[in-house]
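Thanks for coming, everyone. I have one structure to show today. Please take a moment to look at it before I start.

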Amino acid sequence: MDPQAEMTLRDYARVVLRRKWVVIAAVMLTTTISVVSSAAQTPVYSSSSEVLVQPRGQDGLFADSIVNLNDRAIQTEIQVIEGQAVRQRVQDNLQLEVKPPGVHATAVGSTDVISLTLRSTNATNAATLANAYANAYIEVRREQSVGELLAATTEVQTAIDKLQADLDALADEDPRRNSLLAQLGNFNTTLDQLRVDAALRTGGATIIREAQVSEGPVEPTPARTAALAFVVGLLLGLGAAFLLDYLDDKIRSEDDLQRATNRPVLAVVPIDVPPNNLPIAMTEPDHDAVEAYRGLRTNLQFLGLDSPLKVVQLTSSLPGEGKTTTAVNLAVVLAQAGHSVALVDADLRRPRVHQVFALPQTPGFTDLLLGAEAKETVNYVEVDGGTVLNVFTSGRVPSNPSEMLSGQRIRKLLAQMGDHYDYVIVDSAPVLPVSDSVALAGAVDGLFVVAHAGRVTDGQVAETIERLDRISAPLLGLVLNQAAVSKGDYYAYGGYTAIHALPTTLTAPPKGDQVVSGYSDDTDPSMQRITTEA
């Protein structure tokens, strides 16, 4: 596909449809891996408890004001919960031989509530440990708070002892005694408050929701994992599909072929599976592929309006692209239209025309080229209720095909055949492997290049056209063969159906005056005028 061309939604859909197996494989692979891994995974249960946290020092009897916790304070408490002191307290409280699994603490929204979540392979253990962590945190926080008060009590007691010592050192009439007595009274009051607060201090944390035993595991979640894997596989598959399509330079559509060559595409033949070795134009005349060959026949006739196109060559870039199939079916539909047609097998490397019609390979075209009589080399094939196609098989395969096809003798022979028949359809060798077709192109009136969709690349087709242009070959256009055409691209005209006669049996080449389906050598005396004289 041309990277400069802007792709439409339909183009994207065609890429996905063309690479659907890549997408399907990616989706199935990721989904299967996720399902298998989920099945092999040990179930994990989760339980959570919630603790309401107050600012430190706000749970005493003599607290002066209420202070709200900020985010920094909440994060500090989370670090305490997840810290080593709380974890050690859980181990001590539960008398565990090993350290318990760590807890995950998070703030609940913008509140002063902290959620403590614990995960375990045992649902009961998860709930027990979550509650144990909440209780251990409250205990540690209370000890820390009480410890702060006890430290303050010690300092105040030290100050009282010092004041008492100073007071004892003064005389009863000393005016400084009143000041020291006032200070001593204040310190004693503070000491009493600290002792009361230390006795009442709870730590400022309260459990507001205890952890419950989970009814089902949180991991694995096969349905959710499979759905996620499906989406990931779909994205990977689509990416791989578009990457492969970008890197793929094979011709797949009419647009691809036209962009690669800048030449007209005269026919697009859909994928067809012939029931036997015979041409589909004979066995299934109502097939969509046959309609494509009829379209090629019409284009050939219109192209010959200004300058007669008698001798038409068919070739391809590589072997196996369907040039022989196209040549045979084009010859059949031309004969069915009432034209006198000769089909010539000039592929002297791998001739196949004789296999299509189950005819002997020799004598044939090379024998005619070497001076044999036309009546000894021609085969009459009845294609449609009395319509006869003249078939010249390849004959003996020479050791020098290129030299034989490039001389003046073949030019004169094809010219004579063009004078005798309405159309001479010449099947030739592919262009890139050998030079036979390039040598033959100078002896024909027109030339079709057949391209197999999905097999030949745009570079190979472009090189084929370049080789033919070097010798100014009369290239008429291209035929895209074996193209995948959706049903929506076919058109029908309701109420009208073309009716074709069923094909009759094939006949063997005539011998002497033997009559074949009503024809004999004597009924066509003009055949005697086709010679191979230089």
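I will start with the whole protein, then go through its parts one by one.

A word of caution: this is a predicted model. The protein has 534 residues, and 44% of them are buried. Its secondary structure comes to 18 helices and 12 strands. Take the contacts in the protein with a separation of 6 or more. Residues 24 or more positions apart account for 79% of those. The exposed surface is about 27400 Å², with 54% of it supplied by carbon and sulfur atoms.

Now the helix pair. Helix α1 covers residues 9-18, and helix α7 covers residues 222-247. Their axes come within 9 Å and cross at roughly 100°. Angles of 65 to 115 degrees count as roughly perpendicular, so that is what α1 and α7 are to each other. Which residues meet there? From α1 come Y12, V15, V16 and R18. From α7 come L238, A241, F242 and D245. By type, the contact of α1 with α7 has 6 nonpolar residues, no polar ones and 2 charged.

Next, strand β3, residues 113-120. Is it mostly covered or mostly open? Mostly covered: 7 of its 8 residues are buried. β3 pairs with β1, residues 45-53, in the antiparallel sense, over 8 bridges. β3 also runs antiparallel to β2, residues 104-107, and 4 bridges join them. Look at T117 in β3. T117 is the bridge partner of S48. T117 is also the bridge partner of H104. β2 and β3 form a hairpin, with 5 residues between them. In the turn, G109 has a positive phi of about 60°.

Another positive phi turns up after helix α4. That one belongs to Q95, and its value is near 55°. α4 itself spans residues 84-94, with V86, R89, V90 and Q91 buried.

On to a loop. V213 sits between β4 and α7. Is V213 buried, partly exposed or exposed? Buried means under 20% relative accessibility, and exposed means over 50%. V213 is at 47%, so it counts as partly exposed. Beyond its neighbours within four places in sequence, V213 is in contact with S47, A123, T124 and A127. Take T124. V213 and T124 are 89 residues apart in sequence, yet their C-alpha atoms are 5.5 Å apart in space.

Last, the 8-stranded sheet. The sheet is open, with mixed pairing. Its order is β5-β12-β11-β6-β10-β7-β9-β8. The edge strands are β5 and β8, each pairing on one side only. From one strand to the next, the twist averages 25°. Within the sheet, β6 and β10 pair in the parallel sense over 4 bridges. One pair to find is V312 with its bridge partner I425 in β10.

Which strands does helix α10 touch? α10, residues 288-303, packs on the sheet and touches β5, β6, β10, β11 and β12. Its direction makes about 170° with that of β5. Helix α11, residues 323-336, packs on the sheet too. α11 touches β6, β7, β8, β9, β10, β11 and β12. The direction of α11 makes about 165° with that of β10.

That is the tour. Questions, please.

Notes
Residues are numbered from 1 along each chain as its sequence is written. This is a predicted model: local features need pLDDT of at least 70, side-chain atom pairs count only at pLDDT 80 or more; totals for chains, interfaces and linings use all residues. Side-chain values use heavy atoms; hydrogens and water are left out. Axes are lines fitted to C-alpha atoms, for helices over the stretch in contact, and angles run from 0 to 180 degrees between N-to-C directions. Helices (H or I, at least four residues) and strands (E, at least two) are DSSP runs, numbered from the N terminus. Angles under 35 degrees count as roughly parallel, over 145 as roughly antiparallel, 65 to 115 as roughly perpendicular and the rest as oblique. Contact means heavy atoms within 4.5 Å. Ala, Val, Leu, Ile, Met, Phe, Trp, Tyr, Cys and Pro count as nonpolar, Asp, Glu, Lys and Arg as charged, and the others, Gly among them, as polar. Buried means under 20% relative accessible area, exposed over 50%, partly exposed in between (1.4 Å probe, protein chains only). Two strands pair if DSSP finds at least two bridges between them. Accessible areas come from the Shrake-Rupley method with a 1.4 Å probe; for residues, only the protein chains shown count as cover.
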